[in-house]
Amino acid sequence: MLGNRIKQLRMKKGFTQEQLARGIISTSYLSEIENNHKSLPEYIAPSLAEKLDVTEEYILGKDMEERIESLRKEIRSIFERLNEDLDYDFMSGCLLVKKKYGDLRGNDVVEQYFFAMEMFGEFKYSKHKAAETENKIISYLTGTSSIDSYPLLVLNRIRGVIEYRKLNIQRSITYFERAIDNALNNQYKEHLSILFQNIGTCYFTADRYQRAVHYFSNALEMYQKNANLKGQLKVCIHLANSMSALGDEQEAISKYNQAINLLKYINDPLLESSAKYNLAHSYLKTKNYRDSIKMAINALRLKEKLKDKEGVLRCYLLIAEIYMLEGKHDKFSEIVPIASLNTIGTKNPAVLGKYHYLLGKYFLLNKNLEQFKANLEKGISYFSKAGDFKMAGKISFELAEREKNETYYRRSAEFFDKAFKEKEEGGIK
């Protein structure tokens, strides 16, 4: 570690190894010191310090503990800023820290912090390398007998997200819970809000909405304590989605409106469009068609400004669904062809499933039963590809009821059974 410091000072002065070693020590011995293969003899410290214009104490590393503590604080500060502002340039912050504390390289604790930073940067900005990142972390932890609590928290947080992306929900929760225990035991409270949010997302994905509400509520409380408006905005939307899934639409509507009120202080058209789109859904479920259509049109305008083609299509499909359920068949018939124009280039099977379902309804209104059935079949196929077996089962049941066909009834039951089993296999019973 001291070798790195001496090397950096030498290079800063523009000395070669021969120039620095002259009259003090052999060049080969200096090289061994710089590579941390040999320790620095105290008797040469005064001569080296004088030549490098630093104190003898600095050359001997007597300030090391203080600087290592300073490094710890700066790295925690970088993660804290990232938790508060997702647009923060994490990599630039890391590069500055590495440059500032490069002389500490070689110290076990310092290397652990640098490794955690590198892995987080790789995981955040090179998502296609997730498997490689995970293998590096596993290998590192296997070969390290003891690791400082903060780098371990960061590594558990990374592994939690990687497992979530693989849909290993229970393993994901396990890693996030380890990180939470670490944060609570070591006063790393700046991580709690995002970790509670992560676990809430896991439970939401596993259809455990009551647990999701619990963790999202904890996350919201932490974001409010930290005055993190963007965090509050995002979690309000997640919390509302969970409440809507539980069928508590009034509470969901309240949370969506809380998110929209926060947008007075935050300019984020993407989150605004998400809040208004989901609020339109909740209004629709309560049969408040007037406010539902108003929010859906607001969301549509935002998606158009964002040039989000798939988002625009989703909004048109929602507007069509509102008119269909409201019984405004003329307006429904006007919107479906417009939605059709926006399907060009769409590959998302869930969106295409919804489109073909509504298109089938359009043909039913026009008494074209052949196209009605054909499009509902396409809807079933697309929802099945998307893994939304619940929706595939629902459409199959609708066809079964209309056709009084045993095959459709059987297929509907198979889809609902698949939907149930898929959630069990996610690891949460």
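Which residues form one aromatic cluster? In this predicted model, the cluster consists of Phe79, Phe90, Tyr113, Phe120, Phe123, Tyr150 and Tyr188.

## Aromatic pairs

The structure contains 14 aromatic pairs. One of them joins Phe79 and Phe120, whose rings meet edge-to-face, with 5.0 Å from centre to centre and 80 degrees between the planes. Phe79 belongs to helix 6 (residues 64-84) and Phe120 to helix 8, so this pair ties together parts that are 41 residues apart in sequence.

Both partners can also be described by their accessibility. Phe79 has a relative accessible area of 1% and is therefore buried. Phe120, with 3% relative accessibility, likewise counts as buried. A ring can also lie beneath a charge: the charged end of Arg211 sits over the ring of Tyr203, at 5.4 Å from the centre of that ring.

## Helix 8

Helix 8 has 18 residues, which at 1.5 Å a residue should span 26 Å. The C-alpha atoms at its ends are 26 Å apart, in agreement with that expectation. At the start of the helix, a side-chain oxygen of Asn107 comes to within 2.9 Å of the backbone nitrogen of Val109.

The buried residues of helix 8 include the aromatic residues Tyr113, Phe114, Phe115, Phe120 and Phe123. Also buried in this helix are Val110, Gln112, Ala116, Met117, Met119, Gly121 and Glu122. Among the residues named here, Tyr113, Phe120 and Phe123 are members of the aromatic cluster described at the outset.

## Salt bridges

Side chains of opposite charge can pair when their charged atoms come close. In the whole structure, 24 salt bridges are found. One of these links Glu118 with Lys98, and their closest N and O atoms are 2.8 Å apart. Glu118 lies in helix 8 (residues 108-125) and Lys98 in helix 7 (residues 90-100), so the pair ties together parts that are 20 residues apart in sequence. Glu118 counts as partly exposed at 31% relative accessibility, and Lys98 counts as partly exposed at 25%.

A salt bridge also forms between Lys285 and Glu249, with 3.7 Å between the closest N and O atoms. This pair connects distant parts of the chain, since Lys285 is in helix 16 (residues 269-285) and Glu249 in helix 15 (residues 249-262), 36 residues apart. Lys285 is exposed, at 51% relative accessibility, whereas Glu249 is buried, at 8%.

## A network of charges

Which residues are joined into one network by salt bridges that share partners? The members are Glu134, Glu163, Lys166 and Arg171. Within this group, the side chains of Glu163 and Arg171 meet in a salt bridge at 3.5 Å, N to O. Glu163 counts as buried at 1% relative accessibility, while Arg171 counts as partly exposed at 42%.

## A buried glutamine

Is Gln232 buried or exposed? Its relative accessibility is 9%, and the residue therefore counts as buried. Gln232 is located in helix 14 (residues 229-245). Leaving aside residues up to four places away in sequence, Gln232 touches Leu220, Tyr223, Gln224, Ala227 and Leu262.

How values were computed. Residues numbered from 1 in each chain as written. Predicted model: local features only at pLDDT ≥ 70, side-chain atom pairs only at ≥ 80, totals over all residues. Heavy atoms only, no water. Salt bridge = Lys/Arg side-chain N within 4 Å of Asp/Glu carboxyl O. Helix = DSSP H or I, 4+ residues; strand = E, 2+ residues; numbered from the N terminus. Buried < 20%, exposed > 50% of the residue type's maximum accessible area, 1.4 Å probe, protein only. Contact = heavy atoms within 4.5 Å. Phe/Tyr/Trp six-rings, centres within 6.5 Å; stacked < 30°, edge-to-face > 60°. Lys NZ or Arg CZ within 6 Å of the ring centre and 35° of its normal. Expected span 1.5 Å × (residues − 1). Polar contact = N/O pair within 3.5 Å; in protein donor to acceptor, adjacent residues only side chain to side chain.
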